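Okay, thanks for making room for me today. I'd like to walk you through one structure, starting with the empty space inside and then working outward.

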Amino acid sequence: MKPLLPSNWNLTPREAMRFQEELRHRVVLEDRFDRIRTIAGADLALDPDTKEAVAGVIVYSLPGLEEVERRMAWLRLRFPYVPGLLSFRESPVLLAAFACLRHEPDAIMIDGHGRAHPRLFGIACHIGILFDKPTVGCAKSLLVGEYQEPAAEKGSSTSLFFRGERVGVALRTRCNVKPVFVTQGHRVTLETAVKLVEQCVDGFRIPKPTREADRYVRELRRAKCSADLY
């Protein structure tokens with residue numbers, strides 16, 4: 001699986017911000033897909049000693065959430081940590097993991113934000129644009145915007161607003177636990193993004209594709225750190 005849009009990662013933070021502003025206008029906020037039978041969850045873990053990161057991608061069937069394939073890749077992170085520019089730091093290693101897939105997913109779920117971003121172009125938008133795939137951001141914490149706390153019941157939700165625009169949803173995926181923040185990445189409406197997240201919830205707060213991708217990369221990082229000790 002390769003990106004359809006070439007990218008230049010050798011940018012300064014100021015250049016990266018301008019690039020986000022340019023790419024933002026390519027984001028499609030409508031449903032543009034035939035049918036979603038598979039979805040890939042992706043996440044990343046950093047080795048602070050070596051500045052290397054491991055990205056993991058796991059493809060699941062829908063609606064059964066049966067694992068189809070998982071792949072990983074290690075790369076050294078070269079872009080500095082700058083709030084709001086996460087995609088320029090993490091996307092190169094994520095793309096390396098996606099490149100190893102034999103089964104191309106119909107949709108992608110990213111542990112991060114899409115439209116709920118200072119420039120309305122978070123990592124879920126960036127990955128979606130690069131692959132031109134329906135992409136959803138499902139984040140554990142708030143980056144920008146304001147919302148009212150949803151009701152305590154599972155499935156309750158409230159709108160997330162930023163600068164007067166509805167950019168996401170705070171969704172309760174389990175009773176009496178903190179909500180997750182669902183945002184559009186590319187080629188999905190916000191309503192469809194929420195439905196995809198709900199389809200991937202299996203009793204835990206975090207939907208299965210990104211939760212298991214997070215577990216996968218943490219295990220890979222621990223294994224590497226243990227091997228480096230011997």
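**The space inside**

So, Ala 42, Asp 43, Leu 44, Glu 90, Leu 94, Ile 110, Asp 111 and Ile 123 line the largest cavity. Before I go on, please keep in mind that this is a predicted model. Strand 1 and helix 2 are the elements that give two or more residues to that cavity lining, and strand 1 has the largest share, with three residues. How much space lies in the largest cavity? About 40 Å³. By class, its lining has five nonpolar residues, three charged ones and no polar ones. And if you count cavities of 30 Å³ or more, you get one.

Now to the pockets, which are open. The largest pocket has a volume of about 600 Å³. Its lining takes in 27 residues, and the ones nearest its centre are Leu 86, Glu 90, Asp 111, Gly 112 and Ser 141. Three elements give two or more residues to this lining: strand 1, residues 38-47, helix 2, residues 86-98, and helix 5, residues 208-228. Strand 1 gives the most, with four residues. As for class, we have 12 nonpolar, eight polar and seven charged residues around the largest pocket.

You may have caught a couple of familiar names there. Glu 90 and Asp 111 are in the lining of the largest cavity, and they are also among the residues nearest the centre of the largest pocket.

Next one down. The second largest pocket comes in at about 190 Å³. Which residues line the second largest pocket? They are Trp 9, Leu 75, Arg 76, Leu 77, Arg 78, Phe 79, Phe 88, Arg 89, Pro 92 and Val 93. Strand 3, residues 67-76, and helix 2 each supply at least two residues here, and helix 2 has the largest share, four residues. The class count for this lining is seven nonpolar, three charged and no polar residues.

So helix 2 keeps turning up. It gives two or more residues to the lining of the largest pocket, at least two to the second largest pocket, and two or more to the largest cavity.

Okay, let's step back to the whole chain. We're looking at five helices and eight strands. Reading from the N terminus, the order is α-β-β-β-α-β-α-β-β-β-β-α-α. The radius of gyration is 17 Å, close to the 17 Å that the globule rule gives for 230 residues, so the protein is as compact as a globular protein of that length. If you want rough dimensions, the C-alpha trace spans about 50 × 40 × 35 Å along its principal axes.

On contacts: take those between residues at least 6 apart in sequence, and 65% of them join residues at least 24 apart. Of the 230 residues, 53% count as buried. The protein exposes about 11200 Å², and carbon and sulfur atoms supply 49% of that.

Let me show you some of those buried positions. Helix 4 runs over residues 190-199, and its buried residues are Leu 190, Thr 192, Ala 193, Val 194, Leu 196 and Val 197. What do the buried residues of helix 4 pack against? Four strands: strand 4 at 107-110, strand 5 at 135-139, strand 7 at 165-171 and strand 8 at 180-186. As you look at that list of positions, recall that an α-helix has 3.6 residues a turn, so residues three or four places apart point the same way.

Then there's Gln 20, in helix 1, which covers residues 13-24. Is Gln 20 buried or exposed? Buried, with a relative accessible area of 0%. Leaving aside residues up to four places away in sequence, Gln 20 touches Gly 84, Leu 85, Ser 87, Phe 88, His 117, Arg 119 and Phe 121. Phe 88, by the way, is one of the residues lining the second largest pocket.

Last stop is Gly 128, in helix 3, residues 123-131. Gly 128 is buried, again with a relative accessible area of 0%. Outside of residues up to four places away in sequence, Gly 128 touches Lys 133, Thr 135 and His 186. Its C-alpha atom is separated by 9.5 Å from that of Ile 110, which is 18 residues away along the chain. And Ile 110 takes us back to where we started, since this residue is in the lining of the largest cavity.

Key. Residues are numbered from 1 along each chain as its sequence is written. This is a predicted model: local features need pLDDT of at least 70, side-chain atom pairs count only at pLDDT 80 or more; totals for chains, interfaces and linings use all residues. Side-chain values use heavy atoms; hydrogens and water are left out. On a 1 Å grid over the protein atoms alone, a cavity is a set of points where a 1.4 Å probe fits but cannot get out, and a pocket is an open set with protein on both sides within 12 Å along at least five of seven lines; lining residues have an atom within 4 Å of a point. Grid points are joined across faces, edges and corners, and a volume is the space filled by probe spheres set on the points. Ala, Val, Leu, Ile, Met, Phe, Trp, Tyr, Cys and Pro count as nonpolar, Asp, Glu, Lys and Arg as charged, and the others, Gly among them, as polar. The radius of gyration is taken over C-alpha atoms; the globule rule is 2.2 Å times the number of residues to the power 0.38. Buried means under 20% relative accessible area, exposed over 50%, partly exposed in between (1.4 Å probe, protein chains only). Contact means heavy atoms within 4.5 Å. Accessible areas come from the Shrake-Rupley method with a 1.4 Å probe; for residues, only the protein chains shown count as cover.
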